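Trainee: Could you take me through one part of this model up close? I'd like to see how a pair of helices packs together, and then what the neighbouring topic of the sheet looks like.

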Amino acid sequence: MLIDTHSHLYLEQFEDDREEAIQRAKDVGVERIYLPNIDGASIDKMLLLEDQYPGYFFPMMGLHPCSVDKEYEQSLRAVREWLEKRPFCAVGEIGLDLHWDVTHLREQQEAFLQQVEWAVEFDLPFVIHSRKATDLIIEMLQVDQLNGMRGIFHCFGGSVEQAEAIIELGFYLGIGGVLTYKNSGLDKTLKHISLEHIVLETDAPYLAPVPYRGKRNESSYIAKVADKLAEVKDVSIGEVERLTSENALKVFGAK
């Protein structure tokens, strides 16, 4: 059993072969796929997948930091309305992205903290996007630590010290294709981190693992990440599948 805790299979990159990509995921043992939202434009497509494959896709609700601008409060109101309207498995993906543009850093921080508060209010985990901002987000959560905070640092690629700080806060590390990249250094970090703190993800269609790096990622490729993690931790693939799946179900709830 494998669980992809972070996949955007609703995006246009899968328009031509979405059904086939889903079948390929099932063929390698992926039994659940969790869908982080991006913004208002992605909601209908995401929920359609849930309707078409009940019990297989699990949608989240949130505003991605790259969709935060000066008008973000209006977008956040829509997030709040959806959280009140129906159940979601998590708030996400939310956080900070300082890779492309820092113009709206203040707005990103405000949007992030607001959604963290909503996750706690609705007793939901939240999934964090922290590109070029891991230390800042750790600091923000340490300062504004709320009872009930839990979730996943998506696409973790940092140091042992960062991993330990994240675990201390009660979060899991989302590990994907970056682990397979020769010079990422993530393999060295994860040698010191117990599997009890790790979940698997793809971030499809982005960050495909070796040997597909540079191509479109898809949920079936999570098997490559699991294989590499088993090698790094010197355990069986079955142990990786069992523990990471148990962790995912602990985060999101086994509904």
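Mentor: Let's start with the crossing of H3 and H4, which is right-handed. Keep in mind that this is a predicted model. Helix H3 covers residues 72–85 and helix H4 covers residues 105–121; they pack at an angle of about 10°, and their axes are 11 Å apart. With angles under 35 degrees counting as roughly parallel, H3 and H4 are therefore roughly parallel to each other. On the H3 side, the contact is made by Tyr-72, Leu-76, Val-79, Arg-80 and Leu-83. H4 brings Glu-107, Glu-110, Ala-111, Gln-114, Gln-115, Trp-118 and Glu-121. Sort the residues of this contact by type and you get 6 nonpolar, 2 polar and 4 charged.

Now for the sheet. It's an open one, with 5 strands in the order S4-S5-S6-S7-S8 and parallel pairing. Strand S4 (91–97) and strand S8 (198–200) stand at the edges with a single partner strand each, so one side of each has no neighbour in the sheet. On average, neighbouring strands are turned by 30° against each other, direction ignored.

Look at the S8 edge: 3 bridges join S8 to strand S7 (residues 171–175), and the two run parallel. In one of these pairings, Leu-173 has Ile-198 of S8 as its bridge partner. Helix H8 (residues 222–233) packs on the sheet here, touching S7 and S8, and its direction makes about 145° with that of S8. Helix H9 (residues 237–252) lies across S5, S6, S7 and S8, running at about 95° to S8.

Key. Residues numbered from 1 in each chain as written. Predicted model: local features only at pLDDT ≥ 70, side-chain atom pairs only at ≥ 80, totals over all residues. Heavy atoms only, no water. Axes fitted to C-alpha atoms, helices over the stretch in contact; angles between N-to-C directions. Helix = DSSP H or I, 4+ residues; strand = E, 2+ residues; numbered from the N terminus. Parallel < 35°, antiparallel > 145°, perpendicular 65-115°, else oblique. Left-handed = near helix turned anticlockwise from the far one by under 90°. Contact = heavy atoms within 4.5 Å. Nonpolar A, V, L, I, M, F, W, Y, C, P; charged D, E, K, R; others polar. Pairing = 2+ DSSP bridges.
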